[in-house]
Amino acid sequence: MKRRQLLSGAAGLPLVLQLRPARATPEALAAAVRSFTGGTPLREGKVRLDVATLVDNGNTVPVGISLPDTPPAEVAAIALFNERNPQSDVARFHFGPGAGARSVATRIRLATSQQLVAVARLADGSCWVQRVDVVVTLAACIE
């Protein structure tokens, strides 16, 4: 192969490749939740997911997760998942016996309007969930 043939072929390569932003799928969300819960059935309640349902800017979205009516010693782990970001598994927080508060607060980026899912695993092995639909007017995560 001659140098000119190689260069002309390489010049057309961007036309062949179409890069799309990676997006999570409903199957990826379900798989991420299942990997956290170990297949334990999810129950509604106990978990409170504090997030605005209308977000102006998806670049920084404050999120809080708590279990207000559950004794702190019973909470083993909390996880946050999303439906349409490049990765469904946003964050996992595991609590040891010395942890005082068993609630978390963070900021995340949201690619577009989507559902957020907070899951808590208790010491008895049960898993609790809350889902919130969030509308994002200015998307992030789409570079």
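**Exercise 1. Describe the surroundings of Ser66 in this predicted model: which residues is Ser66 in contact with, leaving aside its neighbours within four places in sequence?**

Solution. Step 1: with those neighbours set aside, the contacts of Ser66 are Lys46, Val47, Arg48, Asp50 and Ser103.

Step 2: find the element. Ser66 belongs to strand β4, which covers residues 61-66.

Step 3: decide whether Ser66 is buried or exposed. Its relative accessible area is 14%. Buried means under 20%, so Ser66 counts as buried.

**Exercise 2. Work out which strands pair with strand β8, and in which sense.**

Solution. Step 1: take strand β5, residues 75-82. β5 and β8 run antiparallel and are joined by 7 bridges. In this pairing, Asn82 is found opposite Leu116 of β8.

Step 2: take strand β9, residues 127-138. β9 also pairs with β8 in the antiparallel sense, over 8 bridges. Here Gln115 lies opposite Asp133 of β9.

Step 3: look at the link between β8 and β9. The two strands form a hairpin with 4 residues between them. Gly125, in the turn, has a positive phi of about 95°.

Step 4: check how covered β8 is. Strand β8 spans residues 114-122, and 8 of its 9 residues are buried.

**Exercise 3. Locate the largest nonpolar core and state which strands each supply at least two of its residues.**

Solution. Step 1: the largest nonpolar core holds 23 residues. The residues with the most contacts inside this core are Leu49, Val51, Val63, Ile65, Ile78, Leu116 and Val134.

Step 2: at least two core residues come from each of β4, β5, β7 (104-108), β8 and β9.

Step 3: set this core apart from the other one. A second, separate core has 11 residues, among them Leu29, Ala77, Ala79 and Val129.

Step 4: follow one core residue, Val63. Beyond its neighbours within four places in sequence, Val63 is in contact with nine residues' worth of partners listed here: Leu49, Asp50, Val51, Leu80, Val104, Ala105, Thr106, Ile108 and Leu116.**Exercise 4. Summarise the chain as a whole: how many helices and strands are there?**

Solution. Step 1: the chain has 2 helices and 9 strands. From the N terminus on, their order is α-α-β-β-β-β-β-β-β-β-β.

Step 2: consider burial. The chain has 143 residues, of which 36% count as buried.

Step 3: consider the contacts between residues at least 6 apart in sequence. Of these, 67% join residues at least 24 apart.

Step 4: consider the surface. The accessible surface of the chain is about 8,600 Å², and 55% of it belongs to carbon and sulfur atoms.

How values were computed:
Residues are numbered from 1 along each chain as its sequence is written. This is a predicted model: local features need pLDDT of at least 70, side-chain atom pairs count only at pLDDT 80 or more; totals for chains, interfaces and linings use all residues. Side-chain values use heavy atoms; hydrogens and water are left out. Buried means under 20% relative accessible area, exposed over 50%, partly exposed in between (1.4 Å probe, protein chains only). Contact means heavy atoms within 4.5 Å. Two strands pair if DSSP finds at least two bridges between them. A nonpolar core is a set of buried Ala, Val, Leu, Ile, Met, Phe, Trp, Tyr and Cys residues joined through side-chain atoms within 4.5 Å. Accessible areas come from the Shrake-Rupley method with a 1.4 Å probe; for residues, only the protein chains shown count as cover.
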